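Work through the exercises below with the sequence and the model open. Each task is followed by a solution in steps.

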Amino acid sequence: MTIPAIEVCPVCGVTIENGAKVVFSAGPAGNRARLWARVCNFAKNPDCINQDEASIGPVQSQDYYD
Ligand SMILES: [Zn+2]
């Protein structure tokens, strides 16, 4: 399976580089777990590309907004 260098979630509008590095519209880059905790978790949309638990990995409590 080839991971595209750049993926854009059509639901959240967030860019994922190389399947791992998440570029937010504001603030520092993060990982898929952070994206999920802060954005995709709330989207609850099957078209969101960041809903796969295996790719997201463990979500830490600090990944959520305070
Ligand atoms: Zn998403």
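**Exercise 1.** In this predicted model, decide whether K44 is buried or exposed.

Solution. Step 1: count the neighbours; K44 has 9 C-beta neighbours inside 10 Å. Step 2: apply the cut-off, by which a residue with 12 or fewer is exposed. Step 3: K44 therefore counts as exposed.

**Exercise 2.** Locate K44 in the fold and state what is unusual about its phi.

Solution. Step 1: K44 sits in the loop that joins α1 (32–43) to α2 (53–56). Step 2: this places K44 just after α1. Step 3: the phi of K44 is positive, about 45°, although K44 is not a glycine. Step 4: for background, most residues other than glycine have a negative phi.

**Exercise 3.** Carry out the analysis for N18: where does N18 lie, what is its phi, and is N18 buried or exposed?

Solution. Step 1: N18 belongs to the loop between β2 (15–17) and β3 (21–23). Step 2: its phi is near 55°, a positive value in a residue that is not glycine. Step 3: N18 has 10 C-beta neighbours inside 10 Å, so N18 counts as exposed.

**Exercise 4.** Compare the span of α1 with that of a straight helix.

Solution. Step 1: take the reference, a straight helix of twelve residues at 1.5 Å a residue, which would span 16 Å. Step 2: take the end C-alpha atoms of α1, which are only 14 Å apart. Step 3: α1 thus falls short of the straight-helix span.

**Exercise 5.** Which residues of α1 are buried, and against which elements do they pack?

Solution. Step 1: the buried residues of α1 are R32, R34, L35, W36, A37 and C40. Step 2: these buried residues pack against two strands, β2 and β3, and against the helix α2.

**Exercise 6.** Describe the protein as a whole: what is the order of its elements, and how does its radius of gyration stand against the globule rule?

Solution. Step 1: the secondary structure consists of two helices and three strands. Step 2: along the sequence the order is β-β-β-α-α. Step 3: the radius of gyration is 11 Å, close to the 11 Å that the globule rule gives for 66 residues, so the protein is as compact as a globular protein of that length. Step 4: the C-alpha trace spans about 35 × 25 × 20 Å along its principal axes. Step 5: of the 66 residues, 20% count as buried. Step 6: among contacts with a separation of 6 or more, 41% come from residues 24 or more positions apart.

Key
Residues are numbered from 1 along each chain as its sequence is written. This is a predicted model: local features need pLDDT of at least 70, side-chain atom pairs count only at pLDDT 80 or more; totals for chains, interfaces and linings use all residues. Helices (H or I, at least four residues) and strands (E, at least two) are DSSP runs, numbered from the N terminus. The radius of gyration is taken over C-alpha atoms; the globule rule is 2.2 Å times the number of residues to the power 0.38. Two residues are in contact if their C-beta atoms, placed from the backbone, lie within 7 Å. The expected span of a helix is 1.5 Å times one less than its number of residues.
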